[in-house]
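Thanks for sharing this one. Here are a few notes to read alongside the model.

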Amino acid sequence: MVGDEQRPLRADARRNRDKILTAAVNVFAEEGLDAHLERIAKAAGVGSATLYRNFPTREALIEAVYRNEVAQLCDAVPGLLSTKPPFEALRAWTRLFLDYVTAKLGMIDALRTIAATGESPYGNSREMIQAALTDLMDACAAAGAIRTDISPSDMVAALAGIALTSAQPEQRKQAERLLDLTLDGLAAFGA
């Protein structure tokens, strides 16, 4: 029903959907993507019918979890910029980016399976992440905290490289050192 997808959810339905997505992240992290969907429903405090009404297939749930993680990552930018100096907001966001990539690694096979059906589970996630990083870097540049000869696309490439080589949970300390090294290189001279 196409019309139903366009209509905003009622507040209680939105809460249930959010609880399912939160529970799914936790259950998938604990048990893997093959976890029973009924376990996710129970962890969310909803019935199986509510889960299936929101996410009729496992793939639909996995895709929604992925897109929700991207949205949370990008939605964090205004809050970080309002509570931290721009460079510290950028530093904090890079840690959130690493969390996002680490979670995504566990979903990669399922996302590839979804993509193989012709659907794009990624939507406009690359553009959203680029826009979030651009906002952070613009704030840093305006504060004189970073070099202006490095573009957001350069920074995305650096973050992606760190993520590809060091995003496993047991590599977290190495990834954070690499993030610090990258951010130190981005910092304005004398800042």
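The points below go through one helix, its packing partner and a buried arginine in this predicted model.

1. Let's start with the length of H8. This helix covers residues 125-142. Its 18 residues, at 1.5 Å each, should span 26 Å, and the end C-alpha atoms do lie 26 Å apart, so the expected and modelled lengths agree.

2. Next, which residues of H8 are buried? They are Ser125, Ile129, Ala132, Leu133, Leu136, Met137 and Cys140. Looking down the helix axis, you will find these buried residues within an arc of 125°, so they line one face of H8.

3. H8 also packs against H9, which runs over residues 152-166. The angle between the two is about 115°, and their axes are 9 Å apart. The crossing of H8 past H9 is right-handed.

4. Have a look at the side chains of that contact. From H8 come Gln130, Leu133, Thr134 and Met137, and they meet Pro152, Ser153, Met155, Val156 and Leu159 of H9. By type, the contact has six nonpolar residues, three polar and no charged.

5. Just beyond the end of H8, please check the backbone at glycine 144, where phi is positive, at about 75°.

6. Finally, is arginine 95, in helix H6 (residues 86-105), buried or exposed? Its relative accessibility is 17%, and because the cut-off for buried is under 20%, arginine 95 counts as buried. Leaving aside residues up to four places away in sequence, arginine 95 touches Arg172, Glu176, Leu179, Asp180 and Leu183.

Notes:
Residues are numbered from 1 along each chain as its sequence is written. This is a predicted model: local features need pLDDT of at least 70, side-chain atom pairs count only at pLDDT 80 or more; totals for chains, interfaces and linings use all residues. Side-chain values use heavy atoms; hydrogens and water are left out. Axes are lines fitted to C-alpha atoms, for helices over the stretch in contact, and angles run from 0 to 180 degrees between N-to-C directions. Helices (H or I, at least four residues) and strands (E, at least two) are DSSP runs, numbered from the N terminus. A crossing is left-handed if the near helix is turned anticlockwise from the far one by less than a right angle, and right-handed if clockwise. Contact means heavy atoms within 4.5 Å. Ala, Val, Leu, Ile, Met, Phe, Trp, Tyr, Cys and Pro count as nonpolar, Asp, Glu, Lys and Arg as charged, and the others, Gly among them, as polar. Buried means under 20% relative accessible area, exposed over 50%, partly exposed in between (1.4 Å probe, protein chains only). The expected span of a helix is 1.5 Å times one less than its number of residues. The arc is that of the directions from the helix axis to the C-beta atoms.
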